[in-house]
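User: Please take a close look at the salt bridges of this model and place them in their structural setting. I would also like any unusual cysteine or backbone features to be covered in one connected account.

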Amino acid sequence: MKNEIIAEIANAHQGSAGIAERMVREFSAAGAQAVKFQIYLAEELLTRSHPRYEHFKRQSFGEDDWAHLIQVAKDLNTKIYCDVFGQKALQIAVKYQADGYKLHASDLGDLSLVEAAANSPGRVLLSAGGAIVRELDKAVNIVLSCGKRPVVLHGFQAYPTCLEDTNLARLDWLINHYGETCDIGFADHLAGDDPFALALPIHALGRGAKLVEKHVTLDRAAKGVDYFSSIEPAEFNTLMKWVRACEMAEGGRADHLSEAELNYRASVKKHWVATKPLSAGHVLQRSDLIMKRVPDAPVDPLREDQLVGKKLVSDVDEEQTVTRQHVKTIVWALPVARSRSSRLPEKALLEIAGVPALGHLFKRLEQCDGVDKVVFCTTFDKSDDGLVHLANSHGVPVYRGATVNVLERMVGAMGDAEVDVVLRVTGDDILVDPDYVRKGLEHHFASNAEYTDLKSLPSGTEIEIFDAELLREILARAEDSEGTEYLTNYVTDNGSHYKTASLPVAAEHCRDWRLTLDTTEDLELISKLLEFMRDIGKPFDYRMNDIVAFFDKYPEAASINAEVRQRSAPVQVNTSINWRKPKGPESL
């Protein structure tokens, strides 16, 4: 959200409703997101014996004036906040639907006023200028108990406040003390003609303030009320331009690299090249490699440990970039399934064209060139005993692990084995295409990727490719790995820190057919498809062209499950990575 800058009109209107309206219009045009007035009744603010009583009596507006001024701001799509100095003042602000109310530090002891403001519609701002922490704590807790997040504003008016008395360090304290439950703001009262008058609010925003009040006047030279700390419309407009420029400079997510920075990285990164000609069969030594900038290289280089100690599977010329295409890489496929399903219970054991669904998947994975081992990942739950028996009947080893944590099962299946790359295969996607698995691996190796998707293929035919090291890192560093049923999100939500790629897919195979197994409608369609493959003599060794031929012959089949919607990740899934957590015994 953009930082909020409030044009603090206060009493700069000199008691004239006409001047007040002009100020609303001019400062709205100058970029103010909000303007703020002081609503008070003299008899509610001071005793009749106070020397300033008559002054405030003359300065105050009637209820009709406030109704008009607040409506003018609303018509300009400008928020209006009101300092309220008593219950009657608050009632006026509430009646005419002000967007929020600020309570002066002098009123924080009036807990009934604090409670009334907190129970009124609109934002609550609490002045910390001149307030001690116990007063603030009580007021903050009252507002929080009413279900609102208050704004705590540092700053006080000393006509003007000297730079050395501004004490922006207190913003740090307020953020530390209240930042989890409150927004922190800054009420600036530096002299309007001070060279630092526009820079100080920017500095406050840089220290963590989310809202800034800046006193304004139409003409400082006129020396009206509160002119000391005020800036004029043109100056305010400059301030707003500076604020927006700073917001642009802040960029997006703090823990992500921008597209421009990623492009810079790609242009300057060095890659491993051979120091001399090397022959297939040679085991790479550190002395065989040197890092240099090269043209047309993959975006990211490999880590040294991904090459040193590996056997070359092809010759490499001097100064040729060495990728994983050149070395022996160990690839495991880890199909993941369990019996419990809310939409189609025990779907993995349902017979399709005479073979259990999961059996089809095992048969497809057997045909995948480049896959060194298949390990089936399921849970300790007794309901999954049947899946274990089926995997055993296909000669597929089994790893049983946590019920919810899919990633724990996958990493557990690898154990301490030497595994470089993992195919993640969900038990719902039984139509995995072996040719595209090979192409995906080739693309993964050529791109030096840590993660490669095949999502341009129809759902149910694709797999995902992960570096084993990446899976171990996510498990070790994820804030919460219980949501790794949606494992892809952990990569895409943190994508600038991971080396990702997508396999280009032939246009004739980029279809929106739903071929994943999750509902009775899916079962009906996949059954028709696999019965077709059986009848043409390709019960297990069909390819994407054969699937295209099926839909060409039976185009109406796609409508069987066309209304089914894929389940999306719950909004509560936390995919954050804690980069401070140790990754584990192996280093990046």
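Analyst:
**Salt bridges and their setting**

In this predicted model, Glu43 is partly exposed, with a relative accessible area of 40%. Its partner, Lys57, is likewise partly exposed, at 40% relative accessible area. The two side chains form a salt bridge in which the closest N and O atoms are 3.5 Å apart. This pair connects distant parts of the chain: Glu43 belongs to helix α2 (residues 42–45) and Lys57 to helix α3 (residues 53–59), with their positions 14 residues apart in the numbering. A search of the whole structure returns 39 salt bridges.

A second pair has a buried setting. Lys347 forms a salt bridge with Asp428, and the closest N and O atoms are 3.0 Å apart. Lys347 lies in the loop between β11 (331–336) and β12, while Asp428 lies in the loop between β17 (421–426) and α15 (434–446), so the salt bridge ties together parts that are 81 residues apart in sequence. Both partners, Lys347 and Asp428, are buried.

A third pair joins Arg534 to Asp535, where the closest N and O atoms are 3.5 Å apart. Arg534 is partly exposed at 41% relative accessible area, whereas Asp535 counts as exposed at 60%. Helix α18, residues 520–535, provides the setting for this pair; it has 16 residues and reaches 22 Å from its first C-alpha to its last, close to the 22 Å expected at 1.5 Å a residue. Among the buried residues of α18 are Asp522, Leu525, Leu529, Phe532 and Met533. The buried residues of this helix pack against β12 (351–352), α12 (357–366) and α19 (544–553). After α18 comes Gly537, which has a positive phi, near 85°.

Salt bridges also link residues into a network, composed of Glu4, Lys79, Arg123, Arg149 and Asp183.

The cysteines can be treated next. The structure holds zero disulfides. In the case of Cys146, the closest cysteine sulfur is that of Cys182, and no bond is possible because the two sulfur atoms are 13 Å apart. Cys146 is partly exposed, with 28% relative accessible area, and Cys162 is partly exposed as well, at 38%.

The backbone deserves attention at two sites. Most residues other than glycine have a negative phi, and most peptide bonds are trans. At one site, the peptide bond between Tyr159 and Pro160 is cis, with omega about -15°. Tyr159 also has a positive phi, near 55°, although it is not a glycine. The loop between β6 and α8 holds Tyr159, and Pro160 is found in that loop too, with β6 spanning 151–154 and α8 spanning 169–178. At 48% relative accessibility, Tyr159 counts as partly exposed.

At the other site, Ala10 has a phi near 50°, again positive in a residue other than glycine. Ala10 lies in strand β1, which covers residues 4–10. Ala10 is buried, with a relative accessible area of 0%, whereas Tyr159 is partly exposed.

Conventions: Residues numbered from 1 in each chain as written. Predicted model: local features only at pLDDT ≥ 70, side-chain atom pairs only at ≥ 80, totals over all residues. Heavy atoms only, no water. Helix = DSSP H or I, 4+ residues; strand = E, 2+ residues; numbered from the N terminus. Expected span 1.5 Å × (residues − 1). Buried < 20%, exposed > 50% of the residue type's maximum accessible area, 1.4 Å probe, protein only. Contact = heavy atoms within 4.5 Å. Disulfide = S-S within 2.5 Å. Salt bridge = Lys/Arg side-chain N within 4 Å of Asp/Glu carboxyl O.
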